Amino acid sequence: MKLFISLTSPFSRKVRIAMREKQLEAEEIVVNPWESSAELLAVNPLSQVPVLVTTDGPIFDSCAIIEYLEDFDGEINLVPLCGSRWPVLRWMRLADGITEACLTCYLENKRPAEQRNDEVKQRQIAKIERALQWTEERMPDAEFLLNERLTMADISLGCALSYLNLRYKKGWRKERPRLARWHRKISQRPSFKATEPVE
Ligand SMILES: N[C@@H](CCC(=O)N[C@@H](CS)C(=O)NCC(=O)O)C(=O)O
């Protein structure tokens with residue numbers, strides 16, 4: 001399998017960590033999705049990463065790729081089929097929502113000053129702040145968010161928080177000690193260490 005990624009993309013990182021945790025291998029191809037190279041467009045007309053190229057064709061969108069991988073290898077399961085399935089999916093979507101809001105702010109900040117829309121930015125910041133508060137209030141003392149083992153809930157939230165470290169100027173750690181402690185710990189896993197965002 002081939003995995004098209006960018007080294008700062010939090011969505012790519014979710015898949016890279018999941019593959020390492022599942023002990024699955026893929027050749028990682030680093031691209032800049034904003035450049036829309038012919039190589040990337042050949043596998044994803046949306047010009048986005050991640051894309052997993054499989055014998056079933058290219059699969060894009062990190063959540064669809066995770067589903068594919070769960071189907072491909074059910075041995076190390078990261079999205080349970082029953083039990084905590086819905087809580088895992090809720091955490092996954094919450095974490096992706098934080099990431100999407102932060103990405104929107106980042107893109108807004110990259111526009112020329114006279115074109116930036118402060119209303120758009122403030123709305124995204126409010127989402128991030130509310131979601132972080134929601135999370136802080138629900139952080140367990142345990143190593144993992146659900147069950148006694150790693151799930152996509154942990155991977156998605158860990159990637160979202162690392163992305164905030166990279167792009168969210170306001171910072172988030174000071175007022176959320178439980179979340180900061182949990183993030184420090186999960187970031188020690190080899191799969192997280194091997195995929196830290198690189199500019
Ligand atoms: N929902 C998609 C989002 C993927 C995404 O937004 N990727 C960004 C990089 S972090 C990208 O490729 N952006 C380029 C573009 O949207 O043109 C997923 O979960 O994979």
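This is a short walk through one protein chain, its two domains, its core and the residues around its ligand.

Okay, before we start: this is a predicted model, where local features need pLDDT of at least 70, side-chain atom pairs count only at pLDDT 80 or more, and totals for chains, interfaces and linings use all residues. Residue numbers run from 1 along each chain as its sequence is written.

Let's begin with the overall layout. The domain assignment, which is automatic or from a database, splits the protein chain into domain 1 (2-72) and domain 2 (85-190). Taken over C-alpha atoms, the domain centres sit 21 Å apart.

So how many residues of each domain are in contact? It's 8 from domain 1 and 9 from domain 2, where contact means C-beta atoms, placed from the backbone, within 7 Å. On the domain 1 side, helix 1 (residues 10-21) brings the largest share, 6 residues. By the way, helices here are DSSP runs of H or I with at least four residues, strands are E runs with at least two, and both are numbered from the N terminus. That same side of domain 1 divides into 4 nonpolar, 1 polar and 3 charged residues. For those classes, Ala, Val, Leu, Ile, Met, Phe, Trp, Tyr, Cys and Pro are nonpolar, Asp, Glu, Lys and Arg are charged, and the others, Gly among them, are polar.

Now the inside. A residue is buried with 20 or more other C-beta atoms within 10 Å of its own, exposed with 12 or fewer, and partly exposed in between. A nonpolar core is then a set of buried Ala, Val, Leu, Ile, Met, Phe, Trp, Tyr and Cys residues joined through C-beta atoms within 7 Å. The largest one here has 43 residues, and Ala 18, Met 152, Ala 153 and Ala 160 touch the most other members. Which helix gives the most to this core? That's helix 6, with 9 residues. The core also draws at least three residues from each of the two domains. As a general point, nonpolar side chains tend to be buried together in soluble globular proteins.

Let's stay with helix 6 for a second. Of its 16 residues, 13 are buried, and end to end the helix reaches 22 Å between its first and last C-alpha, close to the 22 Å expected at 1.5 Å a residue. That expected span is 1.5 Å times one less than the number of residues. Leaving out residues up to four places away in sequence, Ala 153 touches Val 88, Trp 91, Met 92, Leu 145 and Leu 146.

Val 88, Trp 91 and Met 92 are also among the buried residues of helix 4. Helix 4 has 26 residues and reaches 37 Å, close to an expected 38 Å. Its buried residues pack against helix 1, helix 5 and helix 6.

Two arginines next. Arg 20, in helix 1, counts as partly exposed because it has 18 C-beta neighbours inside 10 Å. Its C-alpha is 5.8 Å from that of Ser 191, although they are 171 residues apart along the chain. Arg 130, in helix 5 (residues 118-138), counts as exposed because it has 12 such neighbours.

Last stop, the ligand. Residues around it, with a C-beta within 6 Å, include Phe 11, Pro 33, Trp 34 and Asp 61. By class, this shell has 6 nonpolar, 5 polar and 1 charged residues.

How values were computed
Contact = placed C-beta atoms within 7 Å.
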